[in-house]
Amino acid sequence: MPPAILKFPNKFYWGTATAAFQIEGHPEEYLAKLSDWSEWIDREDKVQRPTNQGRAVDHYEHMIEDVSLIKGLNNNSYRFSFNWARLHRGPNEFDLNTVQFYSSLLDQLKASSIEPFATIVHFVLPKWLSKEGGWENPRTAYAFEEFTKFLLKHFGSRIKFWITHNEPNIFLGFGYESGIWPPGYQNEWGRYFQAYQGLLLGHQLAYKAIKEYNSKHQVGFAQNLYHFQAYEAAKQSSNQALPLWQTSDSVPTIIRNQLHNLMFVESCVEMNALDFLGVNYYTRFSYKFNPQAKDSANPALEAALWGELADPIKDLNSSTNSLGWELYPQGLYQALTNKRLRSLLEGRPVYITENGYSHVEKNSVSDIEDAYRIKFIQQHLLAVHQAINAGVDVRGYFYWSLLDNFEWALGMAPRFGLVHVDHESFQRKPKKSYHFYSEIAMNNGLATTTACYNSDHGNQHFDSSSGIHSES
Ligand code: FCB
């Protein structure tokens with residue numbers, strides 16, 4: 001008997017997500033230091049080796065092959081980002097060769113009936129703006145508006161879905177709190193909130209420009225959502241959700257949910273400048289109430305907030321990916337159905353704009369047999385399906401990522417791809433998960449014989465015997 005298929009809604013978008021700096025590797029960007037990241041990548045104290053010297057995975061030269069890989073996935077959509085630094089060289093100065101590149105990318109996608117979801121900026125700033133204070137300087141927001149209008153002029157008739165920013169919360173945290181990404185400030189809260197305002201102004205100006213161009217275009221941003229959970233509740237495997245007033249673990253949890261997950265969403269909703277929310281989900285953070293954990297000598301916000309982060313392996317008996325991120329698919333369901341988020345969104349649709357599994361290569365032959373990634377996708381899609389059944393209007397899912405690409409401060413080692421890339425020859429080879437994902441997209445659903453949620457007590461979680469393993 002053929003397996004039953006757990007169907008997704010009609011016209012559901014199936015795709016993968018990428019970002020320009022993580023894949024393109026245009027030599028000019030690195031050599032001419034056109035962007036903040038093309039300089040940052042040289043800093044051995046900040047970016048782990050190997051880095052491939054900014055060549056990433058040479059998508060610039062492999063674009064046609066990469067689109068045919070997308071096509072082979074039976075995907076009907078693709079999320080990519082524009083390379084702001086290569087396109088926009090100074091005030092009112094643009095590079096038309098780069099326009100050509102995106103123009104042919106869009107033509108290729110169209111020829112394969114693949115709907116583009118375009119991210120205007122995915123973390124990386126043109127050098128001429130970053131050296132003047134980046135997002136702290138309101139000038140950057142106006143340059144972003146100019147850039148958006150330029151994109152509309154060239155591509156506006158071919159792109160309906162626009163993502164202004166990728167993860168403003170992660171950008172601010174890494175750039176102004178931990179300092180591991182450009183501009184590299186640590187605990188500079190004045191700058192942090194100036195940059196927050198710059199990002200918000202940029203979003204507002206881009207939203208307005210796009211809506212004026214075509215009011216039917218859909219504009220949102222991609223937010224990194226963690227599932228924050230009170231430790232006391234995380235420990236329970238029963239279906240009975242612990243009322244949050246019953247545990248002080250809620251205190252450190254709720255404040256983080258507000259700051260990290262909700263704040264930027266709320267700002268955009270308040271301006272009525274949001275048609276959809278892009279959700280990037282990777283993991284859960286669970287906190288134990290502990291006011292003593294506060295370290296007054298440490299100016300980091302994380303150190304000031306009460307609470308202690310539970311260890312996923314020791315405290316929660318969970319598995320992690322190669323980066324130590326807890327594997328917790330049910331957190332995607334929880335994040336999507338979070339009461340505060342749902343009321344904030346007032347019914348706006350959601351797209352899962354990123355969700356993926358990282359692995360560190362041990363052997364390029366056996367790594368193609370990535371059963372752990374297959375399981376990751378299955379279980380997260382079940383969580384998405386469950387959220388849809390609970391009434392959340394989820395309209396698409398973009399796996400992060402198509403290719404084994406450049407992972408920011410962690411260099412080339414973490415591999416998230418459905419397609420294996422040899423980082424020297426740039427040869428591409430689809431992994432087992434690639435074929436698995438292509439079948440899901442073809443069926444617009446998940447075959448239930450392969451669906452492997454462990455549904456004991458109705459609280460689905462990873463089965464520790466399932467082959468998902470920690471690789472630290
Ligand atoms: C997200 C980023 C993306 C990638 C994944 C692993 O936070 O948006 O560029 O690095 O994490």
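Two residues are taken to be in contact if their C-beta atoms, placed from the backbone, lie within 7 Å. With the whole protein chain selected, residues 24 or more positions apart account for 77% of the contacts that have a separation of 6 or more. What is on screen is a predicted model, in which local features need pLDDT of at least 70 and side-chain atom pairs count only at pLDDT 80 or more, while totals for chains, interfaces and linings use all residues. Residues are numbered from 1 along each chain as its sequence is written.

Stay with the full chain for a moment. It contains 17 helices and 17 strands, these being DSSP runs numbered from the N terminus (helices H or I, at least four residues; strands E, at least two). The radius of gyration, taken over C-alpha atoms, is 21 Å, close to the 23 Å that the globule rule gives for 472 residues, so the chain is as compact as a globular protein of that length; the rule is 2.2 Å times the number of residues to the power 0.38. Of the 472 residues, 49% count as buried, where buried requires 20 or more other C-beta atoms within 10 Å of the residue's own, exposed 12 or fewer, and partly exposed a count in between, with C-beta atoms placed from the backbone.

Next, select strand β11 (residues 350-354): five of its five residues are buried, so the strand is largely enclosed by the rest of the structure. Add strand β9 (residues 276-288), which runs parallel to β11 and is joined to it by four bridges, with Leu-277 having Val-350 as its bridge partner. Then add strand β13 (residues 394-400), also parallel to β11 and joined to it by three bridges; here Ile-352 has Tyr-397 as its partner. Strands pair if DSSP finds at least two bridges between them.

Now move to the ligand and select its surrounding residues, among them Asn-166, Glu-167, Glu-354, Trp-400 and Trp-408, a residue being near a molecule if its C-beta atom, placed from the backbone, lies within 6 Å of it. The shell divides into five nonpolar, four polar and three charged residues.

Select helix α17 (residues 432-443) next, whose buried residues include Tyr-434, Phe-436 and Ile-440. Just after α17, Asn-444 takes a positive phi of about 50°.

Finish at Ser-366, in the loop between β12 (359-360) and α16 (371-389). Ser-366 counts as exposed because it has 9 C-beta neighbours inside 10 Å, and its C-alpha atom is separated by 9.6 Å from that of Lys-431, 65 residues apart along the chain.

Note on methods. Nonpolar A, V, L, I, M, F, W, Y, C, P; charged D, E, K, R; others polar.
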